[in-house]
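User: Could you walk me through this protein chain? I would like to go from the overall fold down to single residues.

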Amino acid sequence: MTQEHANKGGFETRAIHAGYEPDPTTGAVNPPIYASSTYKQDGVGGLRGGYEYSRSANPTRTALEGALAAVESGERGFAFASGLAAEDTLLRSLTRPGDHLVIPDDAYGGTFRLVDKVAQPWGVEHTPAPISDLDKVAAAIQPGRTRLVWVETPTNPLLNIGDIEALATVAHDAGALLVVDNTFASPYLQQPLTLGADVVVHSTTKYVGGHSDVVGGALVVRDLDLAERIGFHQNAMGAVAGPFDAYLTHRGLKTLAVRMDRHCDNAERIVDFLCAHPAVGDVIYPGLETHPGHHVAGKQMKRFGGMISFRVRAGEQKALDVCAATEVFTLGESLGGVESLIEHPGRMTHASVAGTELEVPGDLVRLSVGIETVEDLIGDLDRALG
Ligand SMILES: Cc1ncc(COP(=O)(O)O)c(C=O)c1O
């Protein structure tokens, strides 16, 4: 399929065909893993297809980057060694000492650590704000200094929802750009660039890769000036995805739509179960009508995703015991893979925000619902909750 044709297709067609046409020499339907750091030149400066050195560009990575741009309805995609490498490259591409960021007051712990412990000492300051409250986000902006309004939606781990379209207006009115970390929703459920965001961030380690076998990150933009700045920094800083990782991530992306639908089906069933369980307090899932972001999520997401958080009535120790007691749900960090994971954010993924205003409740448990047989998942939670 030609790229022109692929890029005009539906989501699944783009995920499978964008970024790569079968190899003209062999007809290989998958992008070869170009394990080559350098490329023969036809005379000095005579590059074949623009390839000279694999930090600058590698054909396996190019294929992934084209596919990522297509599924996010963007113009350019950039693949990195991890989500945090993507975030670091973005921060250094678009901010300078003296600049200011607005970040979610329940940001992913690693993002907060990067902003607070790495960017801040270099002179880029930040103010946390609840991304579901537009007035508070607007109040956190320092006109003339705030370069980026950085949001996740849904957030990790409290699954708060920000209204991307409205946040874009708030950011743009103040001369700032809107960055959306789309890791939790995945491009199948939500495409922030179509709602006015300027930059999409991904930890492709999660739903895009989908099999818990590769760490990676991505940035996607529409604006070509932004693309040039990010592309320059991607090469200058060098935190690129290697060809083996790019191949695995691209392979995962091709099945994102079918996996994501099953993640959502299973999550909906588990939410019903948890809501009826006496040991469970609040169940946090944007698909619940009682969730304060339900309406906005329904407007901007295709479905409500595979992540669920819940509070255990008996408190922190019981929450820890539940996490230790499951057998089908694996106790572990990360999310978005085919296998179900359970974790205690306060002691695990979000330990780095303990003692800050981003601290999460001790009785909170987070589930990344996989695509196993849903009855097995429910039975496992039932046993663990006791
Ligand atoms: C929402 C979110 N953004 C970014 C990251 C960082 O990505 P990585 O672990 O690939 O560096 C994570 C990792 O858990 C995440 O959950």
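Analyst: Happy to help; the questions below move from the whole chain to local details. This is a predicted model, in which local features need pLDDT of at least 70, side-chain atom pairs count only at pLDDT 80 or more, and totals for chains, interfaces and linings use all residues. Residues are numbered from 1 along each chain as its sequence is written, and side-chain values use heavy atoms, with hydrogens and water left out.

User: How many helices and strands does the protein chain have?

Analyst: Helices (H or I, at least four residues) and strands (E, at least two) are DSSP runs, numbered from the N terminus. On that basis, the protein chain has 14 helices and 12 strands.

User: What radius of gyration does the protein chain have, and why does it agree with a compact globule?

Analyst: The radius is taken over C-alpha atoms, and the globule rule is 2.2 Å times the number of residues to the power 0.38. The C-alpha atoms fill a box of roughly 75 × 50 × 35 Å along the principal axes. Because a compact globule of 386 residues would have a radius of gyration near 21 Å, the value for the protein chain agrees: 21 Å.

User: What percentage of the contacts with a separation of 6 or more comes from residues 24 or more positions apart?

Analyst: Contact here means heavy atoms within 4.5 Å. Among contacts in the protein chain with a separation of 6 or more, the share from residues 24 or more positions apart is 71%.

User: What percentage of the residues count as buried?

Analyst: Buried means under 20% relative accessible area, exposed over 50%, and partly exposed in between (1.4 Å probe, protein chains only). Of the 386 residues of the protein chain, the buried share is 55%.

User: Which helix gives the most to the largest nonpolar core?

Analyst: A nonpolar core is a set of buried Ala, Val, Leu, Ile, Met, Phe, Trp, Tyr and Cys residues joined through side-chain atoms within 4.5 Å. The largest one has 63 residues, and Ile270, Leu274, Ile308, Phe310 and Leu367 have the most contacts inside it. The top contributor to this core, with nine residues from the stretch 256–275, is helix H11.

User: How many residues are in the other core that lies apart from it?

Analyst: Phe112, Val115, Leu148 and Leu219 are among the members of this other core. Its residue count is 27.

User: Which residues is Phe310 in contact with, leaving aside neighbours within four places in sequence?

Analyst: Phe310 is one of the residues with the most contacts inside the largest core. Its partners beyond four places in sequence are Leu274, Val280, Asp282, Val283, Asp363, Leu364, Val365, Leu367 and Leu385.

User: Where are the cis peptide bonds that lead into Pro154 and Pro157?

Analyst: Thr153 and Pro154 are joined by a cis bond with omega about -5 degrees, and the bond from Asn156 to Pro157 is cis with omega near 10 degrees. Most residues other than glycine have a negative phi, and most peptide bonds are trans. Pro154 is found in the loop between strand S4 (146–152) and helix H7 (164–173). Pro157 is likewise found in the loop between S4 and H7.

User: Is Ser186, which has a positive phi, buried or exposed?

Analyst: Ser186 has a phi of about 75 degrees although it is not a glycine. Its place is in helix H8 (residues 186–189). Since its relative accessible area is 1%, Ser186 is buried.

User: Does Asp135 count as buried or exposed?

Analyst: Asp135 sits in helix H6 (residues 134–140). Its C-alpha atom is 10.0 Å from that of Leu167, 32 residues apart along the chain. With a relative accessibility of 64%, Asp135 counts as exposed.

User: And which residues does Thr349 touch, not counting those up to four places away in sequence?

Analyst: Thr349 is in the loop between strand S11 (341–343) and strand S12 (364–368). At 10% relative accessibility, it counts as buried. The residues it touches are Tyr108, Gly109, Glu333, Ser334, Glu343, His344 and Arg366.

User: Last one: how far apart in space are Ala197 and Val149, C-alpha to C-alpha?

Analyst: Ala197 lies in the loop between H8 and strand S6 (199–203), and it is buried, with a relative accessible area of 7%. Ala197 and Val149 are 48 residues apart in sequence. Their C-alpha separation in space is 9.8 Å.
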